[in-house]
Amino acid sequence: MWVETVKYPWSTYKDPDIKRQFKLMSVLGTDALPEDKLKKLDEIVSAMESLYGRATIPEYGDNNLNRTLSLEPDINDILDKSTDVNELKHVWVQWREATGKKIRPMYAEYVKLSNEAARLNNYTDNAEFWIRGYDVDDFRPRMEHLWNQIKPLYLQIHAYVRRKLWELYGSSVITRRGPIPAHLLGDMWAQSWERLDDFTRPYPTIDDVNPTSAMINQNYTPKKMFKVAEEFFTSLNLSAMPQTFWEKSILEKPNGRDLVCHASAWDFYDSNDFRIKQCTSVNFMDFITAHHEMGHIQYFLQYKDLPFIYRDGANEGFHEAIGDTIALSVSTPKHLHKIGLLPKTSRTYEADINYLYKIGLDKVVFLPFGYLMDLWRWNVFKGLTTEDQYNCDWWKLKYSYQGIEPPVTRTENDFDPGSKYHIVGNVPYIRYFVSYIVQFQFHQALCEKADQFDPKNPTSKPLHECDIYQSKNAGNAFKDMLKLGSSKPWFDAMELLTGQREMDARPLLNYFNPLYEWLKNENKRTGEHLGWETNKKICFKKD
Ligand SMILES: O=C(CCC(O)(O)[C@H](Cc1ccccc1)NC(=O)c1ccccc1)N[C@@H](Cc1c[nH]c2ccccc12)C(=O)O
Ligand SMILES: [Zn+2]
């Protein structure tokens with residue numbers, strides 16, 4: 001699709017739309033590389049990705065079955081249910097042995113070739129190439145500013161969770177002033193801690209909002225989960241999944257066949273064939289992920305008749321935010337009760353705080369992780385993090401932003417970034433940080449359209465109780481934005497839906513404000529230390 005700028009001097013064109021189409025078409029990406037280097041880069045990425053996709057670890061304990069475990073569903077089930085710190089440490093270490101450690105030798109060449117491609121596209125390095133779609137030249141300082149707005153809330157939830165884990169595991173495993181050991185947080189990368197909800201929530205006597213048992217009792221299947229998700233979208237007057245979607249998607253892990261299980265959504269650019277690949281288990285987290293993936297498909301469907309150069313998100317964060325925005329309504333006790341996945345709902349202060357805490361264990365906790373993933377990669381592409389300190393710099397960032405530490409000593413023989421899909425799959429990650437901010441802007445705007453939020457009187461109808469289900473008003477407003485695809489700068493798309501042109505952390509902070517107040521009081525009551533400190537060494541040389 002490379003349009004010779006000499007033949008078409010498009011930068012001189014007057015028509016803004018034609019000019020935009022040529023500009024988008026002229027970005028070559030890795031195709032700018034000479035044939036042999038492009039081939040080498042593709043080989044490295046597919047080698048890293050297939051190694052990750054095939055990775056298994058030995059089962060914990062000395063049983064002689066020597067079964068092996070995959071990430072999905074085996075290891076995730078252990079992270080969900082086990083409180084045996086030695087079993088948690090085993091899966092944490094073994095997953096990194098099976099993935100990052102083996103991928104490390106390939107990474108430096110991947111970095112070199114990616115930077116070469118970026119420079120051939122007239123970018124200084126691949127970091128600049130990756131953030132071009134956000135259309136501002138101070139994008140990285142803006143991300144730091146957003147993080148600084150969120151950090152006080154994160155410090156509160158971090159201090160509270162650390163105390164609850166200290167109560168559960170004792171001071172031989174965790175302190176009350178230091179970083180939290182990463183294997184105790186219910187997730188392989190400590191990116192979201194919602195699996196801790198069950199035994200750390202503020203008011204434990206109040207029923208937990210966990211529809212998994214109802215899903216199992218009602219014989220939910222993966223297909224049923226996607227059908228229920230689809231019905232939410234159609235209730236908004238958005239599009240149903242086309243027949244080919246149901247015929248060609250892979251919604252369950254095919255037994256026997258090796259498959260990269262990391263969820264993904266696919267647009268075949270023929271205005272008809274759209275698919276999801278997801279190794280779905282019947283549980284609430286996978287039900288939410290199903291909405292995330294279906295959000296991608298809905299975007300595909302809404303922009304499918306645009307010139308194909310415009311068949312993309314307004315920016316990459318928008319594409320990640322569609323499904324999550326819908327999921328903010330789906331997750332409410334009110335909605336789950338309405339679709340029969342929650343026996344009853346009690347609208348008390350305690351139930352409210354419990355709910356905000358559960359959502360906060362995903363959304364607030366995720367933000368430092370969503371940010372540091374590309375902070376590390378930007379430093380690598382810019383040569384600020386050199387190969388001999390890959391792992392040291394990774395753990396410096398995990399300590400500094402997330403306030404966590406590894407359960408065992410890490411050295412430069414390890415490569416912990418390579419234990420995360422997006423690092424081996426060459427998938428940028430700041431898109432999820434952007435999504436977690438803008439999805440609350442979208443949610444607030446849609447709730448206003450659904451007459452379930454009033455910005456002039458925000459406490460009259462609390463944003464966290466809003467469910468836009470069956471609101472055609474909200475759906476049509478969402479549709480108008482989705483239909484733009486990437487045909488307009490993302491500021492215009494944002495303004496069309498929300499009335500403002502910038503990313504703004506205030507809707508997220510307003511949403512969680514009752515939880516923030518509760519956590520401040522609770523941490524003051526128990527005398528929690530906010531933040532973390534340690535005298536442990538973080539970096540060790542290759543042995
Ligand atoms: O990676 C994903 C979901 C996978 C994806 O839908 O984002 C997928 C990633 C991917 C990109 C490129 C190739 C293969 C997989 N993205 C897409 O399928 C996709 C499709 C069209 C446009 C843009 C992205 N979520 C992130 C974080 C996350 C954000 N919201 C969530 C909700 C539930 C669970 C996780 C998340 C994670 O798991 O760390
Ligand atoms: Zn996604």
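Of the 20 residues around ligand 1, which come nearest? They are His262, Glu293, His422, Tyr429 and Tyr432, where a residue counts as near if one of its heavy atoms lies within 4 Å.

A word on the model: it is predicted, so local features need pLDDT of at least 70 and side-chain atom pairs pLDDT 80 or more, while totals for chains, interfaces and linings use all residues. Residues are numbered from 1 along each chain as its sequence is written, ligands are numbered from 1 in the order in which they are written, and side-chain values use heavy atoms, without hydrogens and water.

Oxygen atoms of ligand 1 make these polar contacts (pairs of N or O atoms within 3.5 Å):

| Residue | Partner atom | Distance |
|---|---|---|
| Ala265 | polar backbone atom | 2.8 Å |
| Glu293 | side-chain N or O atom | 2.7 Å |
| Lys420 | side-chain N or O atom | 2.8 Å |

On its own, ligand 1 has 770 Å² of accessible area, and the protein covers 82% of that (Shrake-Rupley method, 1.4 Å probe).

Which elements build the shell? Strand E4 (264-267) and helices H12 (284-302), H13 (316-330), H17 (421-424) and H18 (430-449) each supply at least two residues, and H12 gives the largest share, five residues. Helices here are DSSP runs (H or I) of at least four residues and strands (E) of at least two.

Elsewhere, the axes of H2 (residues 35-54) and H5 (residues 100-120) come within 10 Å and cross at roughly 145 degrees; axes are lines fitted to C-alpha atoms over the stretch in contact, with angles from 0 to 180 degrees between N-to-C directions.

Key. Polar contact = N/O pair within 3.5 Å; in protein donor to acceptor, adjacent residues only side chain to side chain.
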